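Student: Before we go through this structure, I would like each label justified.
Tutor: Then ask for the reason behind each term, and we will set the value against the cut-off.

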Amino acid sequence: MPGRNGQETRRSGRVTLRVPLRIYEPGESKWFLVEEASALKVSLWGGLVALKAPVKRDQELFLVNQATGQTAESKVTYLGPMHLEGRRLRLVAIEFLRPSPDFWGLGFPAVDPSPSQPI
């Protein structure tokens, strides 16, 4: 939804949280490990992950939260270059394909998906 300056606004707040992940690519009959990585920022709808592996926009990925064991199907929504800890990593934004409110192991406030009605 457009914000005050015509830019998109976020559906929910972000939390800076380092979460260890295993990231898989779907195959015909099994998942293929892309890499072990960490989420850097998380939200109710997805997160920002630092990856070395090449991925494409709209690519589907399966995420496994190594701390909780939760899994979530997601897709890549943003690719950006980045250097982190002396290694060439890329910031990759992912969006969950289905609501996954418990994936990050945090409680997020409930969000009403319906548009606000004028009073």
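**Reasons behind the labels**

Tutor: Strands β2 and β3 form a hairpin, with two residues between them. Keep in mind that this is a predicted model.

Student: What makes β2 and β3 a pair of strands?
Tutor: Two strands pair if at least two bridges are found between them. β2 and β3 have five bridges, in the antiparallel sense, so the pairing criterion of at least two is met. One bridge sets Lys41 against Leu48 in β3.

Student: How many bridges join β3 to β6, and in which sense do they run?
Tutor: Six bridges join β3 to β6, and the two run antiparallel. Ala50 stands opposite Leu91 in β6.

Student: What makes β3 "mostly covered"?
Tutor: Six of the six residues of β3 are buried. Gly46, Leu48 and Ala50 point one way, while Gly47, Val49 and Leu51 point the other way, and all are buried.

Student: Which residues touch the most other members in the largest nonpolar core?
Tutor: That core has 18 residues, and Leu21, Ile23, Val49 and Trp104 touch the most other members. Strands β1, β2, β3, β4, β5 and β6 each supply at least two residues of this core. A second, separate core of six residues includes Leu40, Leu48, Ala50 and Ala93. In soluble globular proteins, nonpolar side chains tend to be buried together.

Student: Which residues does Leu21 touch, not counting those up to four places away in sequence?
Tutor: Among them are Glu35, Ala37, Val49, Val64, Phe103 and Trp104.

Student: Why is the pair of Trp31 and Phe62 called stacked?
Tutor: The centres of the two rings are 4.3 Å apart, with 15° between the planes. Rings pair if their centres lie within 6.5 Å, and planes under 30 degrees apart count as stacked, so the values for Trp31 and Phe62 meet both conditions. Trp31 lies in strand β2 and Phe62 in strand β4, so the pair ties together parts that are 31 residues apart in sequence.

Student: Is each of these two residues buried, exposed or partly exposed, and how do you know?
Tutor: Buried means under 20% relative accessible area, and exposed means over 50%. Phe62 has 13%, so Phe62 is buried. Trp31 has 38%, which lies in between, so Trp31 counts as partly exposed.

Student: What makes Phe96 and Phe103 an edge-to-face pair?
Tutor: The planes of Phe96 and Phe103 are 65° apart, with 5.4 Å centre to centre. Planes over 60 degrees apart count as edge-to-face, so the label fits Phe96 and Phe103. Phe96 is buried, and so is Phe103. The count comes to five aromatic pairs, and Tyr24, Trp31 and Phe62 form one aromatic cluster.

Student: Why is Leu106 called partly exposed?
Tutor: The relative accessible area of Leu106 is 29%. That value is neither under 20% nor over 50%, so Leu106 is partly exposed. Leu106 is found in the segment after β6. Leaving aside neighbours within four places in sequence, Leu106 is in contact with Val15, Leu17, Val42 and Pro101. The C-alpha atoms of Leu106 and Leu17 are separated by 9.9 Å, and the two residues are 89 apart along the chain.

Student: In which strand is confidence lowest, and in which highest?
Tutor: Confidence is lowest in β5, at a mean of 86, and highest in β4, at 96. The protein averages a pLDDT of 82, and 76% of the residues score at least 70. Where pLDDT is low, the predicted coordinates should not be read in detail.

Technical notes. Residues numbered from 1 in each chain as written. Predicted model: local features only at pLDDT ≥ 70, side-chain atom pairs only at ≥ 80, totals over all residues. Heavy atoms only, no water. Core = buried A, V, L, I, M, F, W, Y, C linked by side-chain atoms within 4.5 Å. Buried < 20%, exposed > 50% of the residue type's maximum accessible area, 1.4 Å probe, protein only. Helix = DSSP H or I, 4+ residues; strand = E, 2+ residues; numbered from the N terminus. Contact = heavy atoms within 4.5 Å. Phe/Tyr/Trp six-rings, centres within 6.5 Å; stacked < 30°, edge-to-face > 60°. pLDDT = per-residue confidence, 0-100.
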